[in-house]
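Here's a walk through how some helices pack and where the backbone does something less usual. Load up the model and follow along.

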Amino acid sequence: MIDAQGLTRRYGEFTAVDGISFTVDEGEIVGMLGPNGAGKTTTLRMITGFLPPTDGHLTVGGKNLFTDPVAARREVGYLPENVALYPEMRVSEYLRYRAMLEGLPRGQAKPRISETVRSCFLEDVENQIIGTLSKGYRQRVGLAAAILHHPSVLVLDEPTVGLDPKQIIAIRELIRELGHKQTLLLSSHILPEVELLCDRVIIIDRGRIVAEGSPQDLQESWLGNTILRVELKDGPGEAPEVLGRLPGVVAVETLAGEAGFYRLECTQSADPRQAVFEAAKERGWILLELAREQASLEDIFVRLTTQEPGAGSELGEVFSAPREEEPS
Ligand code: ATP
């Protein structure tokens with residue numbers, strides 16, 4: 001549904017998006033993550049036809065954005081980062097205006113607006129002046145305008161930025177619902193949000209894709225060795241040696257000053273939790289805690305995107321460590 005190949009955008013000498021390739025399938029929710037200035041908005045603006053790419057190949061909803069830009073743009077609904085609305089218009093007027101811009105026939109526009117007002121929970125403010133709405137409601141109006149013409153592809157740039165927690169929950173529910181019906185690409189700085197909403201994540205840094213996969217795949221690929229946290233009552237003296245001999249355990253770290261706390265480094269595929277439990281049972285140790293540490297999407301994001309320009313090969317080492325395949 002979105003097919004971008006070698007997508008590039010240069011501003012003069014500066015390359016903001018550097019030949020990225022990715023696809024988003026029908027009914028998929030994909031999140032684009034990246035630090036400030038990574039090129040997310042530039043990418044989204046190219047996909048929505050607001051910014052011409054310098055190079056590459058791009059189809060949206062099966063329409064080629066280079067050779068058939070008008071048809072391609074019709075396939076897309078776009079919620080920009082700073083949604084521009086007409087503050088003096090009423091919500092209903094604005095949606096009628098947008099329906100007209102999208103070329104919806106009069107007979108279709110009325111029921112479509114009612115349906116969209118309902119699905120974006122705007123009934124209470126339908127006749128309110130946009131300038132008097134709260135930020136959360138304005139965001140919902142922006143979303144309503146983006147989905148009014150039933151686009152096959154929905155692109156949302158930071159859809160929950162600046163909203164309060166209640167509004168965030170409402171918008172997320174709406175996004176999840178929409179994502180089941182449409183192809184959805186969103187950008188966000190909020191990592192738990194991406195983890196919660198997205199089937200797949202694309203991490204971009206300085207205009208390039210540095211990792212791609214489902215949040216779970218990314219966690220597994222970037223986790224490195226598995227870490228188990230073990231707590232034994234009174235810290236039996238032989239525990240480090242016994243734990244260190246268990247299959248899959250590479251190293252045992254005794255936490256300084258904390259009797260009975262151990263950190264077990266295990267090979268990536270190993271899960272010696274049962275063996276730890278049995279070793280404790282056999283020796284009459286009292287097991288107070290046994291937990292596997294998971295890398296969060298945040299850990300992965302920080303690891304992939306914190307290298308300063310010209311800071312050497314740390315990123316290269318991260319790439320070569322736990323992965324089977326190079327990221328595209
Ligand atoms: P943020 O998370 O801060 O919104 P982003 O990932 O969306 O960042 P972009 O807005 O796509 O990043 O910008 C990517 C790079 O391109 C930045 O270095 C930015 O300064 C630069 N850039 C964007 N628009 C222009 C422009 N019109 N002219 C020159 N450089 C630009």
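What follows is a tour of a predicted model, taken helix by helix.

## Helix 3, a two-sided helix

Let's begin with helix 3, which covers residues 91-101. Which of its residues are buried? They are Val91, Ser92, Tyr94, Leu95, Arg98 and Ala99. Looking down the axis of helix 3, you'd find these buried residues within an arc of 160°, so they line one face of the helix. There's a general pattern to keep in mind here: an α-helix has 3.6 residues a turn, so residues three or four places apart point the same way.

What do the buried residues of helix 3 pack against? Helix 4 and helix 5 take that role. On the other side of helix 3, Met100 and Leu101 are exposed. Right after the helix comes Gly103, with a positive phi near 75°.

## Helix 3 against helix 4

Helix 3 and helix 4 pack at an angle of about 125°, and their axes are 10 Å apart. That makes helix 3 oblique to helix 4. Their crossing is right-handed. On the helix 3 side, the contact uses Leu95, Arg96 and Ala99, while helix 4 brings Ala109, Ile113 and Val117. Sorted by class, that contact has 5 nonpolar residues, no polar ones and 1 charged.

Ala109 is worth a click of its own. It sits in helix 4, residues 106-119, and is buried, with a relative accessible area of 12%. Setting aside neighbours within four places in sequence, Ala109 is in contact with Ala99 and Leu104. As a long-range check, pick the C-alpha atoms of Ala109 and Arg303: these residues are 194 apart along the chain, and the two atoms are separated by 48 Å.

## Helix 3 against helix 5

Now for the other partner. Helix 3 and helix 5 have their axes 9 Å apart and pack at an angle of about 25°. Since the cut-off for roughly parallel is an angle under 35 degrees, helix 3 and helix 5 are therefore roughly parallel to each other. Helix 3 passes helix 5 in a right-handed crossing.

Which side chains should you display? From helix 3, take Val91, Tyr94, Leu95 and Arg98; these meet Val141, Ala144 and Ala145 in helix 5. The tally for this contact is 6 nonpolar, no polar and 1 charged.

## Helix 5 against helix 6

Helix 5 (residues 135-147) also packs with helix 6 (residues 165-181), at an angle of about 10° and with the axes 10 Å apart. That makes helix 5 roughly parallel to helix 6. Is this crossing left-handed or right-handed? It's left-handed.

From helix 5, Gly136, Gln139, Arg140, Leu143 and Ile147 meet a set in helix 6 made up of Gln167, Ala170, Ile171, Leu174 and Leu178. By class, the residues of this contact divide into 6 nonpolar, 3 polar and 1 charged.

## Helix 10 and its cover

Helix 10 spans residues 273-283, and Val276, Ala279 and Ala280 are buried in it. Viewed down the helix 10 axis, the buried residues fall within an arc of 95°, so they line one face of the helix. Over on the other side of helix 10, Gln274, Lys281 and Glu282 are exposed.

What covers that buried set? The cover includes strand 11 (226-232), helix 9 (239-244), strand 13 (261-266) and strand 14 (287-293). Just after helix 10, Gly284 takes a positive phi of about 70°.

## Positive phi without a glycine

Most residues other than glycine have a negative phi, which makes a couple of loop positions worth a look. His150 isn't a glycine, yet its phi is positive, about 50°. You'll find His150 in the loop between helix 5 and strand 7 (153-157). It is partly exposed, with a relative accessible area of 45%.

Asp234 is another such residue, with a positive phi near 65°. It belongs to the loop between strand 11 and helix 9. Is Asp234 buried or exposed? At 69% relative accessibility, Asp234 counts as exposed.

How values were computed:
Residues are numbered from 1 along each chain as its sequence is written. This is a predicted model: local features need pLDDT of at least 70, side-chain atom pairs count only at pLDDT 80 or more; totals for chains, interfaces and linings use all residues. Side-chain values use heavy atoms; hydrogens and water are left out. Axes are lines fitted to C-alpha atoms, for helices over the stretch in contact, and angles run from 0 to 180 degrees between N-to-C directions. Helices (H or I, at least four residues) and strands (E, at least two) are DSSP runs, numbered from the N terminus. Angles under 35 degrees count as roughly parallel, over 145 as roughly antiparallel, 65 to 115 as roughly perpendicular and the rest as oblique. A crossing is left-handed if the near helix is turned anticlockwise from the far one by less than a right angle, and right-handed if clockwise. Contact means heavy atoms within 4.5 Å. Ala, Val, Leu, Ile, Met, Phe, Trp, Tyr, Cys and Pro count as nonpolar, Asp, Glu, Lys and Arg as charged, and the others, Gly among them, as polar. Buried means under 20% relative accessible area, exposed over 50%, partly exposed in between (1.4 Å probe, protein chains only). The arc is that of the directions from the helix axis to the C-beta atoms.
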